[in-house]
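Reader: Could you take me through the reasoning behind some of the labels that are used for this structure? I would like to see how each value is set against its definition.

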Amino acid sequence: MEPYISHASATGSGFDLTTVHAAFLMSDPLHTIRLRGAWIAVREGDRTVHTRHFGWPRTLDPDERVWLVCDDLPGLAEIRLNGEVVATTLARGPFRLDITRNGGPRNTVGFSVTSNESVGEVTLEVHRVLG
């Protein structure tokens with residue numbers, strides 16, 4: 001068990017994690033899905049947009065959450081889920097966000113990054129909320 005803290009501004013959900021500094025005590029991942037292959041990268045001005053489609057992991061229990069995790073975003077980034085901006089990052093580094101309320105059966109995730117580099121490994125993690 002470890003506290004997971006997101007260092008992103010969650011714009012689409014109506015709160016800013018950079019000011020709230022929310023930490024959720026979660027279980028170790030019950031299930032991890034690696035979003036490998038099938039990424040499309042398109043250069044748009046000074047940004048590179050990385051997109052990929054994915055299906056929802058499974059039906060969740062009431063105390064389970066799905067987290068979108070990237071081990072390295074290579075620059076400032078805007079993260080979209082199904083066309084909606086769900087977060088922005090303030091610096092290069094790892095990223096994680098609870099997307100439980102934003103996902104559907106079929107989804108598209110996009111990282112618009114101020115860098116030519118590829119994003120790091122992206123996963124979906126299913127966690128159980130503790131406490």
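Reader: How many salt bridges does the structure hold, and what makes a pair of side chains a salt bridge?

Author: The structure holds eleven salt bridges, where the term asks for a side-chain nitrogen of Lys or Arg within 4 Å of a carboxyl oxygen of Asp or Glu. This is a predicted model, in which local features need pLDDT of at least 70 and side-chain atom pairs count only at pLDDT 80 or more, while totals for chains, interfaces and linings use all residues. Residues are numbered from 1 along each chain as its sequence is written, and side-chain values use heavy atoms, with hydrogens and water left out.

Reader: Why is the pair of E64 and R128 called a salt bridge?

Author: The closest N and O atoms of E64 and R128 are 3.4 Å apart, and because the limit is 4 Å, the pair counts as a salt bridge. The pair links distant parts of the chain, since E64 belongs to strand β7 and R128 to strand β12, 64 residues apart; strands here are DSSP runs of E with at least two residues, numbered from the N terminus. Both residues also belong to a network of salt bridges that links R58, D61, D63, E64 and R128.

Reader: What makes E64 buried or exposed, and what about R128?

Author: Buried means under 20% relative accessible area, exposed means over 50%, and partly exposed is in between (1.4 Å probe, protein chains only). E64 has a relative accessible area of 2% and is therefore buried, whereas R128, with 26%, is partly exposed.

Reader: How do you know that V66 is buried?

Author: V66, which is found in strand β7 (residues 64-73), has 0% relative accessibility and therefore counts as buried. Leaving aside its neighbours within four places in sequence, V66 is in contact (heavy atoms within 4.5 Å) with several residues, among them W56, L97 and V126.

Reader: Why are β7 and β12 called paired strands?

Author: Two strands pair if DSSP finds at least two bridges between them, and because β7 and β12 (residues 122-128) are joined over seven bridges in the antiparallel sense, they count as paired. One of these bridges has V66 and V126 as partners.

Reader: Which strands stand at the edges of the sheet, and why?

Author: Four strands form an open sheet with antiparallel pairing, in the order β4-β12-β7-β10. The strands β4 (31-34) and β10 (93-98) stand at the edges, because each has a single partner strand, so one side of each is left without a neighbour in the sheet.
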